[in-house]
Structure formats: C-alpha cells, structure tokens
Amino acid sequence: MDTTKQIVYSIVKFLRSQVESGELPSDGCEGIEVSIQCLESAYNISFEDKDLDVPLTLPMIFHKYLNDTNLVLPPPLPLSEADKLLAEDMKIEGNNHMSNENYKAAIEYYNRAIGIDDRNAVYYCNRAAAHTKLNDHESAIQDCKSALKIDPQYSKAYGRLGLAYSMLNRHQEAYDSYKRALELEPDNEGYHTNLQLSASKLSTTAAEPRRPPMDFGMLFNNPELVNMATQMLSNPSMQSIMNNVLSGNMAQNGNGMESLVQVTQQLAQQLQTENPTLVEELKKQFNGPKPEQPPDGDDAPAS
C-alpha cells in the first residue's frame, strides 16, 4: 500500500469534512474544493478509493501523536510593538472606510490587521460589521465566532452575531446571541430592543402558518402575463429558437442558448416597462417577504 497516497487521502477526507460541516463561508468552501481536486489529480486518487482509508481521522492522528509524545504546541510568538502599531493603523484605516461606507475597502484593511495580529478579537468583530453591511451574513457569523474564541466575554461580538442570524431569519440563534450580549452588557438599550424583536419573531414564526406554495395556476391564468408571453412567442426569432430547443438542435447551434437568454431578458424588460406592478407581484410570489433588519444597537466599529 502506498503510504503517501494514504496520507493524501486522509487530508482530502479531512478537507471534505470541513466543507460539509457548514462552518466555513462559501468562498472558503470553494477554495477547499479546488484544493481537493488538485490533490486528487496530482496523486491520482479519488475519494471513492476506500482502500486508502485508515481507521483514524486526521485530527485523531494529530491528537494521538501529541498525547503519545507528550508534546504541546509552542505558544505564539509575542508581537513586536511595531507590529502592534501597524495592525492598529490598519484597523483605523478600516474604521475610516466604514465611516465613509466603503465596506469592501474596510474589509481589505481589517484583513491586513488580522494578517499582522490574528489574536485581536476587535479586528474580527469589525470585519463582521463590514460583511453585514455587504449582506454577507455567513461571513459575519464566522468572524463573530472567531472573535468569541479569542474573547468569550466580548459583548459586541455577540450583538453582531445576533444581527447576522436575524438577517438570515435564524431567530432562535439570534435570540440566544442577543441574550448573551445583554448578560455581558446589561445597560445596552440596543441589545434590549433586539432581544425583544427576536422574541417577537420567534413567537410570530411559531404562530403563523407555513407560506403556501406558489400558485402556478393563478400565475399562468393572469391575462396580462399571458398576453405579454403570446406577443413574444409570435416573434419569428423566438419561434426559430423554440423550434431549435424542441428539435434538440441547441448543441449544434452554439448561439442558441445565448439567443434564448436574450429573448427572455427582452420579455422581462418589456414586462417591467409596461406593467411594473405585475412584476412586483411576481417577485412577491417567487421570493416571499424580505427579512426586516433590526437596529444594530452597536453600529460603529470598535476603537
């Protein structure tokens, strides 16, 4: 048995478990999946090669080695004063960009601060605020959790964690986060308000019936939508494209799908121009109500 391939297989297995855990942001998962493909290709292995599997997972092997050899990981080297000042400068630049609503730029500077000092909970919490402003709530959750691993008593991290959960309609987790934030900072009115809002959302969600499935019958019986579709289907270009679709000739005509997309976009644009009210009704049918954003309660970056 090739030991090298067994080692690589264990690494791939570990990386897959990280992706499936749901604890990583989507862009992080994409990067790991690319790494898995590269490893499998470079070592000519597949996750289906179960004969390469070993009884212990990679973390179990790691901890067993540490226990058997009585090794402990060395503490991280202390930061120099110059590095601390540089990290603070990066954070301050990030805060300035937050004040100017340049959230992507703020994230870049918080990234730099974390790259210099990855043990400062404030940097992760501030980056979480920027992610929230960009509606990247999963990344905000991960940053808040990172901050809390460093400082479990950091009330602001719990508050921003509650906000991110609220925006994802995960109201129980939001409630738990705001409750912990309030326990750590009892005089914070924002946490009081958001805790009450989360409790209200929980009770409303429990009481209200499930949103019924979209009524396609009503949708297709809408005379305005049917009339618009009829006009588009009478277009000779659209008829030609549909004939290609039905006859299976799309693969032979490289521009067929592109043309179909263009016609579909024309339909949407025409519908938006001639009947925007109908478009809004269709959006409601497909998407349902948008979640309301609760007040942050602690919107400014930490100093």
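The following dialogue examines how several descriptions of this predicted model are justified.

Trainee: Why is R127 called buried?

Mentor: The relative accessible area of R127 is 16%. Buried means under 20%, so R127 is classed as buried. This residue lies in helix α6, which covers residues 121–133.

Trainee: What makes the pair R127 and N111 a polar contact?

Mentor: Their side chains are joined at 2.6 Å. The cut-off for such a pair of N or O atoms is within 3.5 Å, and therefore the value of 2.6 Å satisfies the distance condition. Setting aside residues up to four places away in sequence, R127 touches I107, Y110, N111, I114 and D143.

Trainee: How do you know that R180 and E183 form a salt bridge?

Mentor: The closest N and O atoms of R180 and E183 are 3.2 Å apart. A salt bridge requires a side-chain nitrogen of Lys or Arg within 4 Å of a carboxyl oxygen of Asp or Glu, so this pair qualifies. Side chains of opposite charge can pair when their charged atoms come close.

Trainee: Why are R180 and E183 separated by about one helical turn?

Mentor: The reason is that they stand three residues apart in helix α9, residues 171–184.

Trainee: What makes R180 and E183 partly exposed?

Mentor: R180 has a relative accessible area of 26%, and E183 has 48%. Partly exposed lies between the limits of under 20% for buried and over 50% for exposed, so both residues belong to that class.

Trainee: Why does the pair R119 and D118 count as a salt bridge?

Mentor: The closest N and O atoms of these residues are 3.7 Å apart. Because the limit is within 4 Å, the pair is accepted. R119 is partly exposed at 37%, and D118 is likewise partly exposed at 44%.

Trainee: Which residues are linked with R170 in a network of salt bridges?

Mentor: The network links R170 with E138 and E173. Within it, the side chains of R170 and E173 meet at 2.9 Å, N to O. That value falls within 4 Å, so the pair is a salt bridge. By this rule, the count comes to nine salt bridges.

Trainee: Why is I61 called partly exposed?

Mentor: The relative accessibility of I61 is 36%. That figure is neither under 20% nor over 50%, so I61 is partly exposed. I61 is located in helix α3, residues 58–69. Together with L56 and M60, I61 makes a nonpolar surface patch of about 230 Å².

Definitions and conventions:
Residues numbered from 1 in each chain as written. Predicted model: local features only at pLDDT ≥ 70, side-chain atom pairs only at ≥ 80, totals over all residues. Heavy atoms only, no water. Helix = DSSP H or I, 4+ residues; strand = E, 2+ residues; numbered from the N terminus. Buried < 20%, exposed > 50% of the residue type's maximum accessible area, 1.4 Å probe, protein only. Polar contact = N/O pair within 3.5 Å; in protein donor to acceptor, adjacent residues only side chain to side chain. Contact = heavy atoms within 4.5 Å. Patch = residues over 30% accessible without salt bridge, like charges linked within 9 Å, V, L, I, M, F, W, Y side chains within 5 Å. Areas by Shrake-Rupley, 256 points an atom, 1.4 Å probe, with all protein chains shown as cover.
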